[in-house]
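Me: I have a model open and want the reasoning behind some of its labels. Please set each value against its criterion.

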Amino acid sequence: MPVVTATEENIDRAAELIRSGRIVAFPTETVYGLGADATDGDAIAHIFAVKERPSFDPLIVHICAREMLPSLVTTIPEPAAILARRFWPGPLTIVLPKTPIVADIATAGLLTVAVRMPDHPVALELIKRAERPIAAPSANLFGHISPTTARHVVDQLGDRVPLVLDGGPCRVGLESTIISFIDREPLLLRPGGLSLEQIEALIGPVRQAASGEGPLAPGRGSSHYAPRTALTVIEDPNEVSQEERSCAALLLVQPLSEEQMETAAGFAHIELLAEADRLEHAAAALFAARHHLDRGRFQHIYAVSIPETGLGRAIMDRLRRAQNG
Ligand code: TXA
Ligand code: MG
């Protein structure tokens with residue numbers, strides 16, 4: 001198995017692979033990425049092939065310093081600059097008009113490019129040593145759950161990747177928040193690891209894209225995060241009959257109230273992601289829980305919904321996509 005601990009030496013090996021047009025899986029604070037040289041179209045073609053990703057689905061380009069941004073985009077509106085200064089490195093991706101340096105296949109032929117600076121020492125060091133921007137989607141097969149551990153990457157991609165850098169579990173656990181600055185008003189294309197509230201506090205109101213709005217963005221495709229075991233979002237455990245419960249798992253993002261807990265008896269398994277008011281822990285645990293519940297041979301997974309504020313927005317977004325599978 002091509003998994004190695006992300007030591008200095010192995011990061012060097014990975015950087016050398018990137019420089020020679022190969023692909024490498026690496027950790028970021030959000031999820032593991034499958035990277036290649038963003039300026040090399042042939043290298044990027046490997047990513048699409050390995051992931052079985054349709055060529056109309058553009059990739060995010062990763063940088064290790066804000067100074068790299070002007071080489072990738074033709075203009076940086078002030079609100080975008082403000083967000084980059086405040087939230088990079090971090091789980092924020094901004095979409096701007098691209099320069100010719102970025103390979104056309106990386107952006108699926110769009111005239112725009114999505115850029116982010118990840119908040120992970122291994123990712124930053126890899127980009128630095130590769131001496132070029134790295135285009136990377138999440139390191140999963142197309143339509144599957146994003147990997148938050150090196151193990152998840154290997155389970156899905158196995159021998160198709162020459163090297164997987166293991167940097168431990170991802171801290172954030174949800175993909176980055178994507179904001180487009182292509183039109184005059186900023187547009188939220190995907191809720192993610194950085195909350196909309198934090199963004200709006202700096203640049204004012206951000207419109208949320210309606211489903212299907214904006215450029216084709218299949219990370220937003222409605223069933224992108226679908227697992228094998230069907231999942232349904234419910235308001236209350238009472239919605240599930242006693243009979244169904246015996247072969248179903250109940251997924252709780254946060255603890256139920258005591259009264260609600262009494263109504264939750266009889267499920268084959270209850271998976272609690274985090275303690276009350278620890279949504280960041282729940283986000284970090286969500287995909288790993290989905291990976292293992294998916295292998296648990298339950299007939300169904302029922303997830304109890306939470307309010308859509310802060311990280312709750314991205315968590316509910318991912319649960320709803322899972323449900324559409
Ligand atoms: O946290 C993340 O964003 C992770 C890590 C690896 O950085 N990456 C990730 O990549 O989630 P991926 O490929 O799974 O999702 C990228 C999303 C897709 O929905 C894609 O359509 C959208 O970004 N995207 C990329 N370029 C775009 C563009 N020019 N305009 C609009 N959407 C774009
Ligand atoms: Mg993805």
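Reply: Two strands pair if DSSP finds at least two bridges between them. The model is a predicted one. In it, Pro97 has Thr112 of strand 6 as its bridge partner.

Me: How do you know that strand 5 and strand 6 pair, and in which sense?

Reply: DSSP needs at least two bridges. Strand 5 and strand 6 (residues 112-116) have 4 bridges, in the antiparallel sense, so by that criterion they count as paired.

Me: What makes strand 9 a partner of strand 5, and in which sense do they pair?

Reply: Here too there are 4 bridges, this time in the parallel sense. Thr93, for one, is bridged to Ile178 in strand 9.

Me: Why is strand 5 called largely enclosed?

Reply: Buried means under 20% relative accessible area. Of the 6 residues in strand 5 (residues 92-97), 5 are buried, so the rest of the structure largely encloses this strand.

Me: Why is Ser180 called buried?

Reply: Ser180 belongs to strand 9 (residues 177-180). Its relative accessibility is 8%, and the cut-off is under 20%, so Ser180 counts as buried.

Me: What makes the link between Ser180 and Ile182 a polar contact?

Reply: The limit for such a pair of N or O atoms is 3.5 Å. The Ser180 side chain comes to 3.2 Å from the backbone nitrogen of Ile182, so the distance is within that limit.

Me: Which residues further off in sequence does Ser180 contact?

Reply: Beyond its neighbours within four places in sequence, Ser180 contacts Val95, Glu185, Pro186, Leu187 and Leu189.

Methods:
Residues are numbered from 1 along each chain as its sequence is written. Chains are lettered from A and ligands numbered from 1 in the order in which they are written. This is a predicted model: local features need pLDDT of at least 70, side-chain atom pairs count only at pLDDT 80 or more; totals for chains, interfaces and linings use all residues. Side-chain values use heavy atoms; hydrogens and water are left out. Helices (H or I, at least four residues) and strands (E, at least two) are DSSP runs, numbered from the N terminus. Buried means under 20% relative accessible area, exposed over 50%, partly exposed in between (1.4 Å probe, protein chains only). A polar contact is a pair of N or O atoms within 3.5 Å; within protein, one must be able to donate a hydrogen and the other to accept it, and residues adjacent in sequence count only if both atoms are side-chain atoms. Contact means heavy atoms within 4.5 Å.
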